[in-house]
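Subject: The structure, and some notes on it

Hello,

Here is the structure I promised to pass on. Please have a look, and then read on for some notes.

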Amino acid sequence: MGTKRLLRASGRALGLVGVALTGVYLLALRPWHRRWGTTDTEATGALPGDDFVEDADVESTRAITIAAPSRAVWPWLVQLGQGRGGFYSYERLESFFGLQTHDADPTQPSHHHLRVGDAIRLGPLGTNALTFRVAVIDPGRSLVLSAPGWETGASPATWTFALHELSPGSTRLVVRFRGRSTTLRERLVNRLVVEPVQFAMERKMLKGIRKRAERARASATEGRRR
């Protein structure tokens, strides 16, 4: 009896700890990572593609400042995708999940020509990995990738990349994801599992783009001085 009571008490204690940690995450950590790096204006302002997902219940907006003009950042965005330039994130982790991405460095000009409707894969062909389509492309300014359905405003998910040049040598890269859950279970999984993983990967991606764009700009500047 003593052992059973101890096990029950331990189970209740672990349950309470789990509830407390979930509450801390939902009330403090989730609001922080959903708008990591953004200003209030960037977090709440409209971006291309916002109207493609009706009743979005999953949304994040993140941003980073890059010491390079927008034209130097754009090539790294336009070549995103599996089998293209990769995602500049945790390549080993992506490989662990079977995504088989390889981050290009330097840029790959052969992947710089996108048109509306072109496919951007998150994983290799023949897998269940999500495939986005180019829904909006405004060279040097914005790129919107969407799951099928954006034409009618019924897309289940969009991924927007927007460039705002602050000065000739400084650019804000703002990234927004919007998605719609179909069930309560899916919504819980998205909030408690998918979103934290997405934040870690996307934060690394933003920093990876910044590192590459700034390094390429520094190399070009040094080359002109010689």
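Which helix holds Val-194? Val-194 is found in helix 5, residues 184-225 (helices are DSSP runs of H or I with at least four residues, strands runs of E with at least two, numbered from the N terminus).

Two points on reading the model: it is predicted, so local features need pLDDT of at least 70 and side-chain atom pairs pLDDT 80 or more, while totals for chains, interfaces and linings use all residues. Residues are numbered from 1 along each chain as its sequence is written, and side-chain values use heavy atoms, leaving out hydrogens and water.

Back to Val-194: its relative accessibility is 39%, so it counts as partly exposed (buried is under 20% relative accessible area, exposed over 50%, partly exposed in between, with a 1.4 Å probe and protein chains only).

Helix 5 also holds Phe-199, which takes part in a ring pair with Trp-36. Their ring centres are 6.5 Å apart and their planes at 65 degrees, so the pair is edge-to-face (rings of Phe, Tyr and Trp, the last by its six-membered ring, pair with centres within 6.5 Å; planes under 30 degrees apart are stacked, over 60 edge-to-face, the rest tilted). Trp-36 lies in the loop between helix 1 (2-34) and helix 2 (40-44), so the pair ties together parts 163 residues apart in sequence. Trp-36 counts as buried at 15% relative accessibility, and Phe-199 is buried at 11%.

Elsewhere, ring pairs join Phe-87, Phe-132, Trp-159 and Phe-161 into a cluster.

Best wishes
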